[in-house]
Every structure is written in C-alpha cells, then in structure tokens.
Amino acid sequence: MKKSLLFSAIISINTIIYPAISHSNEVVYMGFGSIPCTGYLGLPQDDLVDSLLYDWALGYISGTNMYIMHQGGNFFDMKSIDYTDSYKKGFSKFMNEYCLNNPSSQLIGGVMQYMGTLQNTPSRK
C-alpha cells in the first residue's frame, strides 16, 4: 500500500514538474525548480515533497558550484548544509515562506535566495 501511494505521489508531482524553462532554444533548468510557488503550496507538505525539493536544490547548488569553480569564481560553501530531518524541515520552512511572499515565482527563485544565505568561498583555480 505504501509503495503504491509513493508511486502515485511521484507520478502526480512529475506531471507538474517537467515544464522546462527555456532561453531561446536552450533548456536552462528543469525539474522541481520549475514548479510555480502556487503549485508547490498546493502539494501535500510531507516528507516526500520535502525530500524531493531538498534533493533537487542540493543538486542545483552543487551543479552551480561546479560551474563557478571551473570559472574561478566564488562558490557557495555547502559545509553548513547537512542531511538531517531538522535541516530539511528548516529548508522547507524557508521555501514555504518564500512562496507565500512570492506566489507568482517559481521554486528556483527561492533556492537562489537561499543560496544567498550561504557563505561565498573563493575557488583555488
């Protein structure tokens, strides 16, 4: 029963996740970050949704860091981030507040605002 509920939840979430954001003919980002805040706020606020957003955000920040480090710029120091439930809940609270204050935005805006709270560290390139 739990597996079928999890599968149904993932399928339901994926139906609103995959509109890609384009710049000309290039895909700039896709996935959970492209969900509008209004859509996110309408999802069940549970561990599954928290984990999907948190994992997407960590991947986005990591990918951004790889690009920045390759360019020799200041990267976002992720050592203050941990993978505990309490940290995930804090991140979800941050995103909920962002979306309540910016309902017409997409989740990526909140993730980028969150990135601004992380310490910038110079690359060693």
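1. The largest nonpolar core has 27 residues, and those touching the most other members are Phe32, Tyr40, Phe91, Leu107 and Val111. A nonpolar core here is a set of buried Ala, Val, Leu, Ile, Met, Phe, Trp, Tyr and Cys residues joined through side-chain atoms within 4.5 Å, where buried means under 20% relative accessible area, exposed means over 50%, and partly exposed lies in between, with a 1.4 Å probe and protein chains only. Two or more residues of this core come from each of helix 2 (37–41), helix 3, strand 3 (74–76), helix 4 (85–101) and helix 5 (107–115). Helix 3 gives the largest share, eight residues.

2. A word on the basis of these points: the model is predicted, local features need pLDDT of at least 70, side-chain atom pairs count only at pLDDT 80 or more, and totals for chains, interfaces and linings use all residues. Residues are numbered from 1 along each chain as its sequence is written, and side-chain values use heavy atoms, with hydrogens and water left out.

3. The chain holds five helices and four strands, in the order α-β-β-α-α-β-α-α-β along the sequence; helices (H or I, at least four residues) and strands (E, at least two) are DSSP runs, numbered from the N terminus. The chain has 125 residues, of which 34% count as buried. Taking contact to mean heavy atoms within 4.5 Å, 64% of the contacts between residues at least 6 apart in sequence join residues at least 24 apart. About 7800 Å² of the chain is exposed, and 59% of that area is supplied by carbon and sulfur atoms; the areas come from the Shrake-Rupley method with a 1.4 Å probe, and for residues only the protein chains shown count as cover.

4. Helix 3 covers residues 47–71, and its 25 residues reach 36 Å from the first C-alpha to the last, close to the 36 Å expected at 1.5 Å a residue; the expected span is 1.5 Å times one less than the number of residues. At the N-terminal end, helix 3 is capped by Asp46, which has a side-chain oxygen 3.3 Å from the backbone nitrogen of Leu48. After helix 3 comes Gly72, with a positive phi near 85°.

5. The buried residues of helix 3 include Val49, Leu53, Trp56, Ala57 and Ile61, and also polar residues such as Asp50, Ser51 and Asn65. An α-helix has 3.6 residues a turn, so residues three or four places apart point the same way. Thr64, also in helix 3, counts as buried because its relative accessibility is 19%. When residues up to four places away in sequence are not counted, Thr64 touches Phe76 and Met115.

6. Which residues does the core member Phe91 contact, leaving aside neighbours within four places in sequence? They are Leu53, Tyr54, Ala57, Val111 and Tyr114. Ser92, in helix 4, is buried because its relative accessibility is 4%, and with neighbours within four places again set aside, Ser92 is in contact with Tyr40 and Asp50.

7. The whole structure contains one disulfide, a disulfide being a pair of cysteine sulfur atoms within 2.5 Å. Cys37 and Cys99 form this link, with the sulfur atoms 2.3 Å apart, and an angle of -60° about the S-S bond makes the link left-handed. Because Cys37 lies in helix 2 and Cys99 in helix 4, the pair ties together parts that are 62 residues apart in sequence. Both cysteines, Cys37 and Cys99, are buried.

8. Leu107, in helix 5, is buried, because its relative accessible area is 0%. Not counting residues up to four places away in sequence, Leu107 touches both disulfide cysteines, Cys37 and Cys99, together with Phe32, Gly33, Ile35, Tyr40, Leu53 and Met95. Leu107 and Gly39 are 68 residues apart along the chain, and their C-alpha atoms are separated by 9.5 Å.

9. Is Met78, in the loop between strand 3 and helix 4, buried, exposed or partly exposed? Met78 is partly exposed, because its relative accessible area is 22%. Apart from neighbours within four places in sequence, Met78 is in contact with Leu58, Ile61, Ser62 and Asn65. Met78 and Leu118 are 40 residues apart in sequence, with 7.1 Å between their C-alpha atoms.

Key
A polar contact is a pair of N or O atoms within 3.5 Å; within protein, one must be able to donate a hydrogen and the other to accept it, and residues adjacent in sequence count only if both atoms are side-chain atoms.
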